Amino acid sequence: RGRAADDVGLGKPHPEAYLLASAKLGLVPETCIVVEDAPAGIKAAHAAGMRVVALTTTHREDDLGEADARAMHLTDIHLSPGDVGSSRCLRVRVTEL
């Protein structure tokens, strides 16, 4: 099968890719957390109704200001079950930059 980018007609910052991913996973977009490293990806995730943790690996922290949280490394992102009553609800904690 081809690349995932072949599954969508519109690239980021359009939300199509994230909306398709959440639909394929059977998730409501508002329950998804996206890890991104680019401003266009942050815009796309927010347009899809998702929260975003931005990695400061390819862009300056100032360029990623629209993200809900920022982390230097994937290992700085910690997920744990939330208490909203859904087994799919996650709580995100990011180690301070």
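Two strands count as paired if DSSP finds at least two bridges between them. In this predicted model, strand β1 (residues 33–36) and strand β2 (residues 51–55) meet that criterion, with four bridges in the parallel sense. One of the bridge partners can be named: Val 34 is matched in β2 by Val 52. The chain leaves β1, passes through helix α2 (residues 39–47) and enters β2. This β-α-β crossover is right-handed.

The pairing extends to a third strand. Three bridges join β2 to β3, and these two strands also run parallel. Leu 55 stands opposite Ala 71 of β3. The result is an open sheet of three strands in the order β1-β2-β3, with parallel pairing. β1 and β3 (69–71) are the edge strands, each pairing on one side only. From one strand to the next, the twist averages 25°. Helix α2 packs on this sheet and touches β1 and β2. The direction of α2 makes about 165° with that of β2.

The side chains of β1 divide between two faces. In a regular strand the side chains alternate between the two faces of the sheet. β1 shows this alternation. Val 34 and Glu 36 point to one face and are buried. Ile 33 and Val 35 point to the other face and are not buried.

Helix α2 has a buried side as well. Its buried residues are Gly 41, Ile 42, Ala 44 and Ala 45. They cover an arc of only 165° around the axis, so they lie on the same side of α2. An α-helix has 3.6 residues a turn, so residues three or four places apart point the same way. The buried residues of α2 pack against α1, β1 and β2. Just after α2, Gly 49 adopts a positive phi of about 90°.

Ala 44 illustrates the packing of this helix. Ala 44 is located in α2. Its relative accessible area is 0%, and Ala 44 therefore counts as buried, the limit being under 20%. Beyond its neighbours within four places in sequence, Ala 44 contacts Lys 12, Pro 13, His 14, Pro 15 and Tyr 18. Ala 44 and Tyr 18 are 26 residues apart along the chain, yet their C-alpha atoms are separated by 7.3 Å. Tyr 18 has its own set of contacts outside its neighbours within four places in sequence: Lys 12, Val 34, Glu 36, Gly 41, Ala 44, Ala 45, Ala 48 and Met 50.

The segment contacted by Ala 44 holds a further feature. Pro 13 lies in the segment before α1 (16–25). The peptide bond from Lys 12 to Pro 13 is cis, with omega near 20°. Most peptide bonds are trans.

Ala 44 and Tyr 18 both belong to the largest nonpolar core, which has 12 residues in all. Other members include Cys 32, Val 34, Ile 42, Ala 45, Val 52, Ala 54, Leu 64 and Ala 67. The elements that give two or more residues to this core are α2 and β2. The largest share, three residues, comes from α2. A second, separate core contains five residues, among them Val 53, Leu 55, Ala 71 and Val 94.

Key: Residues are numbered from 1 along each chain as its sequence is written. This is a predicted model: local features need pLDDT of at least 70, side-chain atom pairs count only at pLDDT 80 or more; totals for chains, interfaces and linings use all residues. Side-chain values use heavy atoms; hydrogens and water are left out. Buried means under 20% relative accessible area, exposed over 50%, partly exposed in between (1.4 Å probe, protein chains only). A crossover is right-handed if, with the strands pointing away from the viewer, the path from the first strand over the helix to the second runs clockwise. Contact means heavy atoms within 4.5 Å. A nonpolar core is a set of buried Ala, Val, Leu, Ile, Met, Phe, Trp, Tyr and Cys residues joined through side-chain atoms within 4.5 Å. Axes are lines fitted to C-alpha atoms, for helices over the stretch in contact, and angles run from 0 to 180 degrees between N-to-C directions. The arc is that of the directions from the helix axis to the C-beta atoms.
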